[in-house]
Amino acid sequence: MKQKQTLDRKITLGMLTRFSLPTILSTVLMGIYWSVDGIFVSRLIGTDALSAINIVMPIITFSLAIGNMFGAGGNALIAKKIGEGKVQEARQNFTLLNMVALLLSAFLSVLGLIFLNPLLKVLGADESLMGYCRDYAIPILTLIPFTITGTIFQMSFITVGKPKLGLLVSLIGGVTNIVLDYLFMAVLDMGIMGAAVATTIGYSVPSVAGLAYFLAMRNGSLYLVKPRFDAAVLWKTCTNGASEMVTSLSSGVVAIILNNILMRIGGADGVASITIILYVQGILASVYFGYASGISPIISYNQGKGDIGRLKSIYSISLKAIMAASIATFIASILFAGPLVSIFAEKGSTVYQMAVEGYRIFSISVLFMGLNVFSSAWFTALNDGKVSAILALFRTFIFIVATASLLPVFLGISGVWLSKPLAEILAACMTIYYFKKMKNVYQYA
């Protein structure tokens, strides 16, 4: 009942902001903590090691892709069932999804370790960076199960109306990461492997905390119980969460493509530059991901309840807020490009010059990113995995692969920087089309 009272509220900008703020802060903090790895590595080891992190990064994004698929798709289904009053069924589904995710992640971890060298070559590592890449990848692969289950539990904290607990867990994990970065690299001189170990331990905190919470807290509406196998639930979760998986997975694929292009055009400095840009942009994007994830249970709950009026309010308020935030973050990106890049690279260095130039062009994408992130999450929360997956696939894969493959042929490295903004503009056009097409189906506008 407490969860229903948490989700069953009058929809206002203040209510949506307060409800999503812990999730926004959580995702932003995770982005900052991830960036701290880059700062330690670039300052204590060098930009070649920073390039190695970006080459290995698709392994992490692939893990997060699976976690987001089970987390977003599963929690949308679970929140809808709670809204319908099917609480026990929701618990069984919740437990089943976590068990399947754990088994799948363990299999992928072992597979990655067996085929490590071929995997790294596909990701773009050459002989000069292979040592760094291996040292960073081994700890990351070992703890894939913790990364995936931790992602699911973080989203589940929102569903049970405990976003502040999710924030606290993220904060503890992030601080742990930062402290261990310093200890392992600056004190114990473990090099890039120290950064990877610190990262994996930090990512393990939400997994351990989530398992403890959902095993021990039996007085809420959602906790771990004896599961009941239901193939239809697994299928619905995977198809509904496909857009979130595509978003994360595509970012890894795109990173591989950009790394290979930049390695050919600008060498290790080019890869280091895109790494810095992705760090800074990732923090900005996390604001929108945090908001969309934070309000998703409210959307799903009110859909399950059949409250069309509240769906209309969420839709209208969210679009206006995202538009205002997009303009503000774009202006900030242009003004503070230099200071932000200088955190990672020395002023006047080749990497610094390339990153500043690239970041200012990249920043155009911020104007459209929020709308595109929200649209995919919106349809996932409405349990329309098909539309959500189409939007995510075109935005994060088809459009960016097309632009990144074609523009550098004619414009060189400037084409790489322009590929992301053009992809976001094309995705925004598709978002507007689907918002108009589906408004009569779900009656949100």
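## Close-up views of a predicted model

**Figure 1. A nonpolar patch of about 860 Å² on the surface of the predicted model.** The patch is made by Met323, Ile327, Ile331, Leu335, Phe336, Ile364, Leu367, Leu422, Ile425 and Leu426. Two elements, α12 (308-335) and α17 (413-442), give two or more residues each to this patch. Helix α12 supplies the largest share, with four residues. Leucine 426, one of the members of the patch, is found in helix α17. Its relative accessibility is 34%, so leucine 426 counts as partly exposed.

**Figure 2. The salt bridge between arginine 395 and glutamate 424.** How many salt bridges does a search of the whole structure find? The search finds two. Side chains of opposite charge can pair when their charged atoms come close. In the pair formed by arginine 395 and glutamate 424, the closest N and O atoms are 2.9 Å apart. Because arginine 395 lies in helix α16 and glutamate 424 in helix α17, the pair ties together parts that are 29 residues apart in sequence. Are arginine 395 and glutamate 424 buried or exposed? Both residues are buried.

**Figure 3. The salt bridge between lysine 420 and glutamate 424, and the network it belongs to.** The closest N and O atoms of lysine 420 and glutamate 424 are separated by 3.0 Å. Both residues lie in helix α17, where four residues, about one turn of the helix, set them apart. Glutamate 424 has a relative accessible area of 1% and is therefore buried. Through salt bridges that share partners, Arg395, Lys420 and Glu424 are joined into one network.

**Figure 4. The surroundings of threonine 396 in helix α16.** Helix α16 spans residues 385-411 and contains threonine 396. With a relative accessible area of 10%, below the 20% limit for burial, threonine 396 is classed as buried. Threonine 396 and valine 373 are 23 residues apart in sequence, and their C-alpha atoms are 10.0 Å apart in space.

**Figure 5. The largest nonpolar core of the model, with 119 residues.** In soluble globular proteins, nonpolar side chains tend to be buried together. Which residues of this core touch the most other members? They are Leu120, Trp378, Phe379 and Tyr444. The largest share of the core, 21 residues, comes from α11.

**Figure 6. Methionine 245 in helix α11.** Helix α11 covers residues 242-305, and methionine 245 is found in this helix. Methionine 245 has a relative accessible area of 23% and is partly exposed. Its C-alpha atom is separated by 9.4 Å from that of serine 63, although the two residues are 182 residues apart along the chain.

**Figure 7. Serine 105 in helix α4.** Serine 105 lies in helix α4, which comprises residues 87-114. The relative accessible area of serine 105 is 0%, so this residue is buried. Not counting residues up to four places away in sequence, serine 105 touches Ile144, Pro145 and Ile148.

**Figure 8. Aspartate 189, a residue with a positive phi.** Where is aspartate 189 found? Aspartate 189 is in the loop between α8 (163-187) and α9 (191-216). Most residues other than glycine have a negative phi. Aspartate 189 is not a glycine, yet its phi is positive, at about 55°. The relative accessibility of aspartate 189 is 64%, which means that the residue counts as exposed.

**Figure 9. Serine 414 in helix α17.** Serine 414 lies in helix α17 and, at 24% relative accessibility, counts as partly exposed. Between serine 414 and leucine 116 there are 33 Å in space, C-alpha to C-alpha, and the two are 298 residues apart in sequence.

**Figure 10. Confidence of the prediction along the protein chain.** The mean pLDDT of the protein chain is 80, and 94% of its residues reach 70 or more. Which elements have the lowest and the highest mean pLDDT? Helix α1 (residues 2-7) has the lowest, at 51, and α17 has the highest, at 89. Over residues 1-5 the pLDDT is below 50. In the model, this stretch has eight contacts beyond near neighbours in sequence.

Definitions and conventions:
Residues numbered from 1 in each chain as written. Heavy atoms only, no water. Patch = residues over 30% accessible without salt bridge, like charges linked within 9 Å, V, L, I, M, F, W, Y side chains within 5 Å. Areas by Shrake-Rupley, 256 points an atom, 1.4 Å probe, with all protein chains shown as cover. Salt bridge = Lys/Arg side-chain N within 4 Å of Asp/Glu carboxyl O. Buried < 20%, exposed > 50% of the residue type's maximum accessible area, 1.4 Å probe, protein only. pLDDT = per-residue confidence, 0-100. Contact = heavy atoms within 4.5 Å. Core = buried A, V, L, I, M, F, W, Y, C linked by side-chain atoms within 4.5 Å.
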